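The following exercises are to be worked with the sequence and the model in view. Each task is followed by a solution in steps.

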Amino acid sequence: MADRPRPQLPARLPTPLGRRATVVGAGSFGTAVAVLLARGGFRTTLQARTPEQAERLQADRQNEAYLSGVEFPKELRIGHVGDGLAKAELVFLGVPSRGLEDVIATLEGTGLSPRASIISLAKGLVPPEGIAPTILLTRAFGADRVACVGGPAHAREMVSEGAGLVVASTDEELATTISSVFIRAGVVCESSNDPVGVELAGAAKNAAALAAGATERQGLNAAGAAAGHIFAEVWRFAEAQGARPESMIGLAGTGDLVATALAPQSRNRRAGELLGEGVPTAEIPGRIGQAVEALESVPLLARALERSGVDAPVTRGLADLIAGELPLDGWVALVRTTVPPSPARWRPRPRGEGETFRARMRTRWEDRRARRAARRAGDPE
Ligand SMILES: NC(=O)C1=CN([C@@H]2O[C@H](COP(=O)(O)OP(=O)(O)OC[C@H]3O[C@@H](n4cnc5c(N)ncnc54)[C@H](OP(=O)(O)O)[C@@H]3O)[C@@H](O)[C@H]2O)C=CC1
Ligand SMILES: O=C(CO)COP(=O)(O)O
């Protein structure tokens, strides 16, 4: 930590002295976030699911099962269900999306402060509706108490070298408080007021990494096309929900996609590789041994896109591949032949204020020529 360059702190950062945080879920990411929060000056409790797990973590002062070799700072407290919640101002949920409803239910009986903010670390969708985690949390706690975290952030590298986090909340003060504690801990963290966009970007990158993993042996162009189609399809859905393009283009979307698709240890990409090798979906979580969000969120995503009328053949095809209803060669053929719907290729260009008359005429002429060529090729415009 001491030897590497640290991100620059904004001029006025709130001092965290005496402030408390709890991380629910002592898996790889929950543990890594708890380590950062303790480094960032928060009095932090890491909450395991059972007393036995908590005892093990306390005895070892590291998480052998999920993040071995990362020593806990001495300030980090260890607990199990309910511990550390009554006084916590920030409660981070480090469990996979499918566990969020259960965790919210357990939070209710723990004396959680009505002022505590709840932050989702999940990069998937919540069943059965396939909603973004912050939508579920907002229903339970109200939007001004809710945030999420996205961006390229593999747990082990994050605690040793850093990460590119994005904290998103509709409450600006909350987003700034959370991002400043990560920055104090030495990790780059931007804030955003587009939580659903950041979460859909995270779900899209996991889906795209899984798709790329399943396809890479058949050809890297096909793997890239699969990822590109999925991003475009999810973006059309996200846009209809008011999300902003920078959430998909920046750290939380393309940035995290590159980190996940390149990482040999990525669980989502590895799950895709196993699917591509013909391993049945039901066996994959057991082989990987940790959360593989995309296996569950892709079918939810495909249904959500269908419900909202978004044309999403590649996301649907990936869901069918996961369900065992589309063979690998059928999936690859689908990826190789899918043409995005015409609005993705053909949109009126915005006219710049300073554009000259000549340049405008030239643009119109080029537009007309391209439309004629598309008609001749039999493409709808
Ligand atoms: N790992 C990473 O690098 C990153 C992960 N994420 C996201 O963080 C989320 C958590 O993933 P990650 O930490 O990697 O997963 P892991 O599989 O490493 O750990 C999951 C943790 O959640 C606990 N858990 C699972 N279900 C429940 C439940 N119903 N109630 C309480 N606890 C539960 C598990 O407990 P038990 O051991 O008892 O099963 C375990 O402690 C995912 O959405 C992932 O996409 C985001 C960025 C990076
Ligand atoms: O979200 C991640 C990194 O930002 C981790 O992705 P994997 O779960 O595929 O390892």
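**Exercise 1.** How many nonpolar, polar and charged residues does the shell around ligand 1 have?

*Solution.* The model is predicted, and local features need pLDDT of at least 70, side-chain atom pairs count only at pLDDT 80 or more, while totals for chains, interfaces and linings use all residues. Residues are numbered from 1 along each chain as its sequence is written, and chains are lettered from A and ligands numbered from 1 in the order in which they are written.

Step 1. Ligand 1 is surrounded by 25 residues, a residue being near a molecule if its C-beta atom, placed from the backbone, lies within 6 Å of it. The closest are Gly27, Phe29, Gly99, Gln290 and Ala291.

Step 2. Sort the shell by class: Ala, Val, Leu, Ile, Met, Phe, Trp, Tyr, Cys and Pro count as nonpolar, Asp, Glu, Lys and Arg as charged, and the others, Gly among them, as polar. The result is 11 nonpolar, 10 polar and four charged residues.

**Exercise 2.** Which helices each supply at least two residues of this shell, and why does ligand 1 lie between the domains?

*Solution.* Step 1. The helices are H1 (28-39) and H4 (100-108); helices (H or I, at least four residues) and strands (E, at least two) are DSSP runs, numbered from the N terminus. H1 gives the largest share, three residues.

Step 2. Domain 1 (20-193) and domain 2 (197-344) both contribute to the shell, so ligand 1 lies between them. The domain bounds come from an automatic or database domain assignment.

**Exercise 3.** What is the strand order of the open sheet?

*Solution.* Step 1. The eight strands follow the order S3-S2-S1-S4-S5-S6-S7-S8, with mixed pairing; two strands pair if DSSP finds at least two bridges between them.

Step 2. At the edges are S3 (77-80) and S8 (188-192), each of which pairs on one side only.

Step 3. Inspect one pair: S5 (residues 117-120) and S6 (residues 146-150) are parallel over three bridges. Here Ile119 stands opposite Ala147 in S6.

**Exercise 4.** How many residues of domain 1 are in contact with domain 2?

*Solution.* Step 1. Contact requires C-beta atoms, placed from the backbone, within 7 Å. By this criterion, 23 residues of domain 1 meet 23 residues of domain 2.

Step 2. On the side of domain 1 that touches domain 2, S7 (164-168) gives the most, with three residues.

Terms used. Contact = placed C-beta atoms within 7 Å.
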